[in-house]
Amino acid sequence: MLFKVVLIALLLFPATSLLSAGQLSAKLVKGNVVSATGNEPLIGATVTVEGTMVMTVTDYDGNFSIDANEGQSITVSYVGFHSKTVTVKGNNLQITLDEDVNSLDEVVAIGYGVVKKKLVTGANLQIKGDDIAKMNTSNPLQAMQGQTPGMTIISTSGQPGADLKVNIRGMGTMGTSSPLYIIDGIRGDISTLNSADIESIDVLKDAASTAIYGSAGANGVVLVTTKSGRNGKAQVTFDGYRGWQNVERKSKMLNAEEYQVIMDEAAINSGSAVNDWASYGNLYDQQGKVVNTDWIDQMFKNNAMTESYNVGVNGGNKDGNYSLSLGYFNQEGIVGGKDVSNYERYNGRLNSNWTLYNGILHVGEQIAFSYKKNKGISVGNAYNNTLRGAFNTSPLAPVYDADGNYNSTKSGDWYAYDGNPYGVMMVTSNNQTNNANLSANLYAELEPIHALKLKTVLGYTYSSSDYRSFSPIYHFSDYSQRTSNVVNQNKNDGYSLTWTNTISYDWKMGQNALSAMAGMEAYKYSGSYVGAGNGLLRPGFDSWYYAYVDNGTAQTKETGLTGNGSPNEPSRMISYFGRLSWNYKETYMATANFRYDGNDNFAPGHKWGFFPSVSAGWIMSNESWMQPIKDFMDFFKLRVSWGQNGNADITKYGYTAPIKFTNSYYNFGTTLGADGNVYGAYSDALANPDLTWETSEQFDAGFDARFFDGRLNVNMDYYIKTTKDWLVQAPLPKTSGVSYQLINGGDVRNSGLELGFNWNDKIGKDFGYNAGFNFAYNKNEVTRIANSDGIIHGTDGAGQLYDNSTEFYRSSVGQPIGYFWGYKTAGIFQNKQEIDDWKAAENGILQANVQPGDVKYIDVDHDNVIDDNDKVNLGNGMPDWTLGFSLGCNYKNFDFSMTANASLGNQIVQSYRNQSNAKANYTTEILGRWTGEGTSNHMPRITQSNINWLFSDLYIHDGDFLRISNITLGYDFSKLLACQYVSEARLYLQVQNAFTFTKYNGMDPEIGYGVNSWASGIDLGYYPRPRTVLIGVNLKF
Amino acid sequence: MKTNKIFIVALGLAVTAGLASCSDNMLNTASKTQTTTANYYRNTTDAYYALNGVYDGWQGTVSKGPTFSFYTASEMMADECLGGTGYTDARNSQVVDRFSTKQDVSQNDLYESLWTYYYNAIYRANELIIRTDQIDWEGNTALQGQYIGEARAIRGILYFDLTRMFGNVPLITTPTKDLVPATPADSIYAQIIADLTYAAENIPAKAYPKSSAAQNDGRITPYAAKAMLARIYLFYTGYYGKEPVGLTKAQALQYCEDVINSGEYQLVKSFKNLWPAASTAWTEDANGTWTKESTYAGAGNSETILSMKFNYDSDWNGNNNGNRSIVFIGVRGGIFKAPYGQGWGACTVNTKLVQAYPSGDKRREASIIDIANEGIETMKAYQDQGIKDQREYTGYFIKKYSPQSKYVKQSDGSWKLTHDIDGLNANGDFQTNQYQDYVLMRYADVLLMAAELGSPNAQKYFNEVHQRAYQESDGTLSSDYVEMSATPENIQKERRLEFAFEGIRYWDLLRQGVTTAANTIAESSTQVLSGGNKETYEVSAQDIINKKGLCQIPLTEIQLSNYKLQQNPGW
């Protein structure tokens, strides 16, 4: 995009070179301009002879010829590169330009347009596609971790292909809080993109930048621009790597011996006799030794493979350019291996741009296709989490029985319900999801007169997914079994159409430069879903390979016959928007945006919303009084902005009370099974025709500064973002009889600070280095919830920590969204005296029959009773501070880089053990338990009941971490090869997720999982991110 | 320059206007699969499905798996059962059983799920009832009386359960999201009686004849409504010590006599045949083949006046049709002996009740699982997985309502003991798919109520019930049988033994006065086993008296009502 715009601008004025009055004495000097990195010819670079009007531009091979005298200075400048002045010497000048990574003349993407970086008045930031691609992550967002202050990116699971939890400037809602993704101007799914195809990603953070996206922009906007062709001769690139993944560290569970000691101690503490281990016959293997299974170890696979290959071709000339690519990516899971956890993706893309009628008309397209194949283990809540079983099963249960089959404990005499978590993973993870995505954008831009542009873009996306799963018969314990097999298949597809029309015009009035844009956009989506299932698979066809519905013989619902189909409810939007920008001498600038949106999610009369914004900037460094320090600080811009956005992402037809016919069966008479049922009709919601948008209002102030001739860049922003009228399913009094009503029910305030530093310099000719550091602070506070108790309960968290556990996170006024809610503790009762003192002080005691070694729950309201009134905010899963570092250097043909990100101030709730099961295994942490006075003031004595494990700060861990996310060392052999067709031949070694510094004792401190979408940091047995060592190659021909 | 600007503006306006004209139409989409409350309830078909939805809502008070159903709570609160459950479980059952949050002070939402499901069912009934006039009945007033009568009867029963448990509760007859303070019980009873009287008078007597029980069992008949009214009369007059509005003693008696004289109902000959587990036996022959023998009278038998129906097709995707209370009260630890299935060990049976049955009374064996006598206690697996994991083990569990097991031949020829529901459903989940119906009103109850209300046939009715309990398998009367006169004391004694574990005893006690009830229920030195260890089981009469025998109102609901709703005294 960048190159295209610049090129067009320059090509429009080839005549300028003719205007130069040739000096008679001058001779014709030839030269060639190339970039320092990649050694690529720079096309359209401006070459001027110092002190004269003589000027030219380079051609498609980077060549130029100009009239100049020996000894004269000529300056070569090119957008995105540091200008260079050389003295004319000889007749063949070789000029190499260094890239200016922080060039202020570069353009950056804003909504429906581009603007020069120095004139930006909003808070946005740009990441280069090359910087993303070189991180070799499966999802481009992952590569942005730590590089984008104000944008929190957290893994929700380490499983290949897992989603990331992304928030820009804090959680603004309890509904959908992820940003809007716009790919080449059209809404899209960023997980379908191949990082190698990305030119740049622009993150719009403040409301002045996002207001142009109106009702969809409240959570920030991420603009992705894909690669266009570069003018010049065709270039072929090949990038590939292969890597080996391993778990960074594993949780330590009790081994058989330790487990037996702890179980005996539990029995003693509960007044029972110790276990007579010899009487449990099946705890011993054939050699008579006690079985000792390390279930955690069993679940993981060593050296899981990951690989990626990309081929790209691009080129162009003055009539047009093209870029096409093919990519393949595969990642095996470290839990269970590729048979049960795997992600595979194929990508293809063709982008081209054509110039017609001497530049009056431009047309082009971006067509991309992706195909994803996914299989995975369950990584959901406590009852849908494959890994969790490994934490709870006793080490005394073997993996395989004497016949080599997965062991069943159904007749085990120590604990018949232990089951076999490894067996469960291997037999129940038969599933495959395939996603196909097509996106096609066509555009035409007409420029009938200079600076008047009429542009129309038609965007079409089609996505389809098909899913197949097979559940076989198995019986590992009475709690872990299936008595009949079943296969399920379903298919889902949807398409969207977006039509955008814009008119823009730029003009000047004296020193005032103005730019106006107006446009409209229409969007529609629809699709459908169909699914079927069957059971009783034909003998011989009851395996994953043959698991298709046609092989089932079930004739009734009870035996697995199902079939359903539904529309994906259509969605429609119509929008009008506009922008007016002004600047005076590129020193004072202001922009106003608006958008007027109509959305069919709301009832008539509430469909339309208006979203305005204003922003202003002042480049103080242009003022004369700043000139004295210009050597030190060459650029300083102050920015301030205000605006409003909306969020309309709610359940379709949420304003109505639908009548439901599902799950409402009653069986009159004496026929049982589905045949005996009649269905009923009912409603379980109250209508709310007044339902309307969430509105987010944001104030932002910041500055951008450059020091030491652009070597140091500093950006800072402060913001206050208030989201009003949350769309929430408000709890109603149960007497209403319905579960909820969708209302505009709450307000939340996010405020914070972002600061970024970038240093970029060169020492001598061969050594370049750069360093970056950024941090962001965010404070999240709920300021209103529109029901009587001011609480939105995390009821879906009940039963998650252990069977029958109660609510442990919630949102309430004055607290952050999704904070952990439980008892505070004050250590362990060491002796009888402490208990008596505690009672004498009229502090409540929760344990019915309290003993030394039990937990001291704090009686916060000091009413001599421990109850819900004593539960307080124990922290939350979102970080207060996020930090990022990067270091890079290159020397001759070597390059080295390192990136790191850190998260501070977030808490993690860790619950691996089902405390309701006295025989569940423990982590080795329990070895530090209280066993007598002075032995521990943290870990209570062991009991068979869970009275010391009600939700309290004992579950809370600090989640702070610093992760060295990427280390890369590369060497470019192209110069050694000295082959004119090879411009790059780089070999590199990379370590991803290299080291994690944290006090957290789980397998991974980066836990975006939170049972539901508005909580996070809940570790119920989390699929950790792997450490990957990979070898890669980049070739350019 | 000027013309250019005009050109831009003109073009912009043209595009805008062209699209704006179709835009509002484009935004008016409608669901293709949903109707809404605004456009439903048009005709008798809609009414029929809405009525089914009401029944489903009522069933949900058990099938959605509230922590305590009305029936399990009634058993715990009475002198029939202890709290029980697993040794490491929360002590919420103990709070219910002993009327004391000292058992676990954090238990202040014991009945939140029950409360939610009751009001959800009431909402469904209200939605249908208030739209009676909106529905085009096509002149069929009998059908209108039938459908609306059924809906009102269910609403009446729901409020009767609620007010018995909680005393004053919000009485809502028109759907509202507003916070409604509690209504005095007298007004609630007036509504309950009005609803059931409407049902008794408007549901045609022939609407659901017993002869078609195979199709209509579970429907509310006028007889069911009448029998309920008698139960309501007896409870209200007993607990509140006064006559209710809209119902006299004579009417209550007449309602019972109507049921008796209808000829629709008769006692099932052998008491045990009323209950699946009691009437089923598994035997193994010399070849190791297991055979089931069952004399179960079946759902919808001649004695059933009203039952709540269940099915075995529940799933984990929101389809709840099973009797979730049954798994709660089943024998804990696994399956040990057919026909008993696995449960969570709640409601262990109080030894006092076991001892109350005189010898020769067949109801004891039909009602109670005797762990020692039936050879389960000596099994090592039961000792390890059952007793050691059981709280408040007494050696007895409920048999009338019990999860069931069966023997299934395996592919290798061996026989395996599995849950009865295995194979009935694709998921075969014993937790959700128990399908034994709750019998809410038996003919025996109507006979004893008629006797209590002073029927001239009181002794005849009483004898009918009492004699059956002593009937030998050959139909003769046991030598242990002794005729008893139908005095109020004897009727109460008989009710205790006849209706054990049917959710009746606690309310029978309470209607004799809170103090009498409390003193009867109180325990001081009963020995039980918890986790295999000896424990003393105590219930303080004062704890019951302080609370007037009422249950704890959910704290969450009180908070959501902004304290317009008040907690019952003593809680």
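In strand E7 of chain A, A:Leu93 serves as the bridge partner of A:Gly31, and this contact belongs to a parallel pairing in which strand E1 (residues 27–35) of chain A and E7(A) are joined over six bridges. The structure described here is a predicted model, for which the scores are ipTM 0.92 and pTM 0.81.

The strand E7(A), which runs over residues 92–97, has two faces: A:Leu93, A:Ile95 and A:Leu97 make up the covered one, while A:Asn92, A:Gln94 and A:Thr96 make up the uncovered one. Such a pattern may be read against a general rule, namely that in a regular strand the side chains alternate between the two faces of the sheet.

Elsewhere in chain A, the surface carries a nonpolar patch of about 700 Å², made by A:Trp244, A:Phe973, A:Leu976, A:Leu977, A:Leu987, A:Leu989, A:Val1029 and A:Ile1031. Three elements of chain A, helix H11 (974–977), strand E53 (984–998) and strand E55 (1026–1036), each supply at least two residues of this patch, and A:Leu977 is a residue that lies in helix H11 of chain A.

Turning to chain B, the average pLDDT is 92, and 95% of the residues score at least 70. In helix H5 of chain B, residues 112–130, a length of 19 residues at 1.5 Å a residue should give a span of 27 Å, and because the end C-alpha atoms are 26 Å apart, the model agrees with that expectation. As for the surroundings of H5(B), 17 of its 19 residues are buried, and therefore the helix is largely enclosed by the rest of the structure, where buried means under 20% relative accessible area.

Methods. Residues numbered from 1 in each chain as written. Chains lettered and ligands numbered in written order. Predicted model: local features only at pLDDT ≥ 70, side-chain atom pairs only at ≥ 80, totals over all residues. Heavy atoms only, no water. Patch = residues over 30% accessible without salt bridge, like charges linked within 9 Å, V, L, I, M, F, W, Y side chains within 5 Å. Areas by Shrake-Rupley, 256 points an atom, 1.4 Å probe, with all protein chains shown as cover. Salt bridge = Lys/Arg side-chain N within 4 Å of Asp/Glu carboxyl O. Helix = DSSP H or I, 4+ residues; strand = E, 2+ residues; numbered from the N terminus. pLDDT = per-residue confidence, 0-100. Expected span 1.5 Å × (residues − 1). Buried < 20%, exposed > 50% of the residue type's maximum accessible area, 1.4 Å probe, protein only. Pairing = 2+ DSSP bridges.
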